[in-house]
There are 2 protein chains.
Amino acid sequence: MLTTERHEWIMGLLKQRQTVKIAELMEGTGASESTIRRDLTELEAMNLLERIHGGATIRDRNIQELSVSDKSVKNEQEKQRIAAHAAGLVEEGEFIFLDAGTTTFRMIPFLAGKETVVVTNGLTHVDALIDHGITTYLTGGCIKGKTRALVGPQATGALSEYRFDRCFLGANGFDPEYGYTTPDPEEAAVKKLAASLARRAYVVADHSKAGKVSFTKVLPLAGAALITDSLDGAMMDAVENETTVKVVTE
Amino acid sequence: MLTTERHEWIMGLLKQRQTVKIAELMEGTGASESTIRRDLTELEAMNLLERIHGGATIRDRNIQELSVSDKSVKNEQEKQRIAAHAAGLVEEGEFIFLDAGTTTFRMIPFLAGKETVVVTNGLTHVDALIDHGITTYLTGGCIKGKTRALVGPQATGALSEYRFDRCFLGANGFDPEYGYTTPDPEEAAVKKLAASLARRAYVVADHSKAGKVSFTKVLPLAGAALITDSLDGAMMDAVENETTVKVVTE
DNA sequence: TCATAATCGTTCACAAACAATCAAAAACAG
DNA sequence: CTGTTTTTGATTGTTTGTGAACGATTATGA
C-alpha cells in the first residue's frame, strides 16, 4: 500500500468515525505501528487531524460540522418543510433574492416553473437554479471559502443595482434580544443590504437556531419575517412579539 | 508497445483507479522500470499526473473529467502546453483576468502558488481556482447556459471596476482579416472590455481555430497577443504580420 | 500515591524506490 | 546500406520509507 493511499484511507475512516485508534489503522492498512504513527504525525502537520493518546481525531469538529455537506443531512426534513413553505410564498413573475446557505438551497426545486428571476450570492445555488430552468443572476465578489458565498464590496455593489419582491435569508441564530445573527461580517453586510432592497424579507431557519447568538448582527427580528419549524412556548411568545412568525408543522 | 500507447494506457489506468504503482505499470505494459519511470516524469511535466513515492496519482479531478470527455491524450497535451506557457507568463502577485472557456481553464493548475489574484467570469473555473488556493473574484451577471459564462451589463459593470496586469481570453476562431471571433455577442462584449482593462491581453487558442471565423468580432488580431500550438506557413506569416504570436512547440 | 500497562518518541538498520548515467537496440534519414 | 537519433533497459550510488527495539512518557486503577 502506497503512502498516499494510506493517508487517504486514514482520513476516510476519520471522517466516518470522528476518532480512530492506532490499532484499528494498523489492522486496516497492514502497516506497522511505527508507520501509522509517522502517518499521523505528518497528517497532523498538514492540519488534517489532531493526535490524541492512542489515536487521532478530526482537527476542528465545529468547522467540520459547519461545512455545507454535513449540515445538509442534519435536520433535513425540517429544512425541506421550511423551504417548501418559503418557496410557496413566491408568486409568478416575481424577482427574488436567494441568500447563500443550505435552507435557501432547498427552496430551489420548489421554485421551478414559477417564471421568477432569482438573484443569488450563493455559488452552490447556481447549478440547481439553472437545472430547474430558473433565470439566474449572480452577484459578483470574492468567494468565501467554506460557504461558497460571494461577499465584499463587489457583491454589495452589484446587489444595490437590483430591487426585489422578496428576499430569503439564512441565519445562524435568531434571538428576541439580539435579532438575526451570523458568524461572518461580510456575509452579514450582504444579507442586510439584500433585505433593505426587498419589499418583503424572510429569514428561513430551523428550530436549532432559536436562541442562538452568533458574532454579527444582521437585522433585528422586526427586520424580516421568520419561517421556522417549531418553537417552545416562551421563545414563541418572545419572537412573536417582535416579528411575523410562520411555524411550519408537519 | 509504442511510447504514446503506453502513455495513454497509463493515463487510462490512472483514471480508473486514482493511484497506480510502478510495479503495476511494469506488469501491465511489459516495459522496464526505467521506462515507466521516464513515462511518469514526462506525464508529470505535462501536468497530467503527480508522481508519488512508488507510483503516481491524478493531479486534480477537474482536469481528469475534461480529458475524459472526448479528447485524445495527444490533443490534450498540446492544449496543456498552451496553457502551461500562458500561465508561465504570469508573475508573482499580478492581477489576472481569466476568461471562461476550456483552454483558460487548463491554465489554473499552472497558476497555483503564484500569489496572484484572479478575476473570472467563468463559473466552472471557480472550484478549480479555489482548490488551487488562488484568491478569486467573480464578476456578477447573468449565467449563459451552455458555457456557464457570466455575461450582461452586470458582468461588464463589475469588470470595469478592475484593472489587470494580464488578461487571458479564449476565442472560437482567429483570422488575419476578421480578427478574434466568438459566437455569442454578450460574451464578446465581456472579452472586449476585459482586454481593454489589462496592460497585456492574450488569446489562447489551439491550431484548430486558425482561419475560423465566428459570428461576433471580439478584437482585431492586433488587440491581443496570440498563444497557439502550430500554424502552417501562410497562416503564420499573415498572423505574425498583425500581432505577436507565440507558437508553443514541444 | 504508587504500580502497572499502554502508548509515545527516538534511533537504527534494512529494504524499497529514486535519479543519473551509459551502452545496446530500434527507428529513422540520407 | 551507413550514420544519426531516439528509445530502451541495466547499473550505479543516493534518497526515502519502513519496521523493530528501547527508554521515556502518559493514562488508569488499586
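**Notes on the two DNA strands and the cysteines**

1. A phosphate oxygen of DNA strand C sits 2.6 Å from a polar backbone atom of B:G54. That is a polar contact, meaning a pair of N or O atoms within 3.5 Å (within protein, one must be able to donate a hydrogen and the other to accept it, and residues adjacent in sequence count only if both atoms are side-chain atoms). Before going on: this is a predicted model, where local features need pLDDT of at least 70 and side-chain atom pairs count only at pLDDT 80 or more, while totals for chains, interfaces and linings use all residues. Residues are numbered from 1 along each chain as its sequence is written, chains are lettered from A and ligands numbered from 1 in the order in which they are written, and side-chain values use heavy atoms, with hydrogens and water left out.

2. Staying with DNA strand C, chain A joins in too: a polar backbone atom of A:I52 is 3.2 Å from a phosphate oxygen, and an N or O atom in the side chain of A:H53 is 3.5 Å from a sugar or linking oxygen. There are 14 residues around this strand, and A:R37, A:R51, A:G54, B:R37 and B:G54 come nearest; "near" takes a heavy atom within 4 Å. Of the strand C atoms within 4 Å of the protein, 90% are sugar or phosphate, the rest bases.

3. DNA strand D has 15 residues around it, with A:T35, A:R38, B:R6, B:T35 and B:R38 nearest. Here 56% of the strand's atoms within 4 Å of the protein belong to sugar or phosphate and the rest to bases. A:R38 has a side-chain N or O atom 2.7 Å from a base nitrogen. On the phosphate side, a polar side-chain atom of A:T35 is 2.2 Å from an oxygen, and one of B:T3 is 3.5 Å from an oxygen.

4. Which elements each supply at least two residues of the surface near DNA strand D? They are α1 (3-17) and α3 (33-45) of chain A, plus α1 (3-16) and α3 (33-45) of chain B. For DNA strand C, β2 (49-52) of chain A and β2 (50-52) of chain B each do so. Helices (H or I, at least four residues) and strands (E, at least two) are DSSP runs, numbered from the N terminus.

5. On cysteines, the disulfide count is zero over all chains, a disulfide being two cysteine sulfurs within 2.5 Å. A:C167 can't pair because its closest cysteine sulfur, in B:C142, is 20 Å away. B:C167 is in no disulfide either, with the sulfur of A:C142 nearest at 20 Å.
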